[in-house]
Amino acid sequence: MKILWWVSLVFVITNVGALAEEPQLNSPRVVFQTNYGDIEFGFYPSVAPKTVYHIFELVRLGCYNTNHFFRVDRGFVAQVADVASGRSAPMNEEQRKEAEKTIVGEFSDVKHVRGILSMGRYSDPDSAQSSFSILLGDAPHLDGQYAIFGKVTKGDETLRKLEELPTRREGIFVMPVERVTIFSSYYYDTVLESCERERGILKRRLAASAVEIERQRMKCFP
């Protein structure tokens, strides 16, 4: 019994430590609307602040609109193309300026597991621009080599649809036979949205209270 108790205690302590190490998402959310469904994700500004700012700016400017997932490797990654070459629509000057920026490699101890967002890059560790991968499985060999900046918060069913698509191999890349298009993207803030809902509820309660007060007044003081 003592041995079982000790094993259980170690298990709990180990898992609490693992949970404590998981970075916190901030309140903004980004949604990619694709031809196979929506994918929503949040950011880890405490892990990769420069990367988070850059990706959010690209979304804010609409740079990912008409872009696509050029790579879908089941159980590994679904990778978004670089916007400079992956969009079907031309970019304006402001979009191009942000898209051409390279970001310093903000490598961390966060693990590459399913749902994690990880920047693509060339051999230069500071060459990341706008291409990034959504992990479709655990990939420990990528840990510490690529900048993790967020994770998927909704849309796992969309990712599973992508994993079922017919693919072809081109060198090291497994690519979908048909284009997986990001039609559009948008962002919202979960805190502000929650506050607006609470404000609406409070307004309705106050209105209902005012009606009840008036009803009682009319009853007691005709």
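These are my notebook entries on one strand and its partners in a predicted model.

**Entry 1: the whole protein**
I began with the overall picture. I counted six helices and ten strands in the protein. Next I looked up how much of the chain is covered: of its 222 residues, 40% count as buried. For the outside, I noted that about 13,300 Å² is exposed, with 59% of that supplied by carbon and sulfur atoms. I also checked the contacts between residues with a separation of 6 or more, and 69% of them come from residues 24 or more positions apart.

**Entry 2: strand β3**
Then I picked β3, which spans residues 67–73. How many of its residues are buried? I found seven of seven, so I wrote "mostly covered" beside it, taking buried to mean under 20% relative accessible area.

**Entry 3: the β4 partner**
I moved on to β4, residues 77–80. Four bridges pair β3 with β4, and the sense is antiparallel. Which residue of β4 stands opposite R71? I looked it up, and Q79 does. The two strands, β3 and β4, make a hairpin, and I found three residues between them. In that turn I noted G75, whose phi is positive, about 80°.

**Entry 4: the β10 partner**
My last stop was β10, residues 180–189. Here β3 is joined to β10 by three bridges, and these strands run antiparallel too. I searched for the bridge partner of H68 in β10, and found T181.

**Entry 5: my sketch**
I drew β3 with its antiparallel pairings to β4 and to β10. I marked R71 opposite Q79 for β4, and H68 with T181 for β10.

Definitions and conventions:
Residues numbered from 1 in each chain as written. Predicted model: local features only at pLDDT ≥ 70, side-chain atom pairs only at ≥ 80, totals over all residues. Heavy atoms only, no water. Buried < 20%, exposed > 50% of the residue type's maximum accessible area, 1.4 Å probe, protein only. Pairing = 2+ DSSP bridges. Contact = heavy atoms within 4.5 Å. Areas by Shrake-Rupley, 256 points an atom, 1.4 Å probe, with all protein chains shown as cover.
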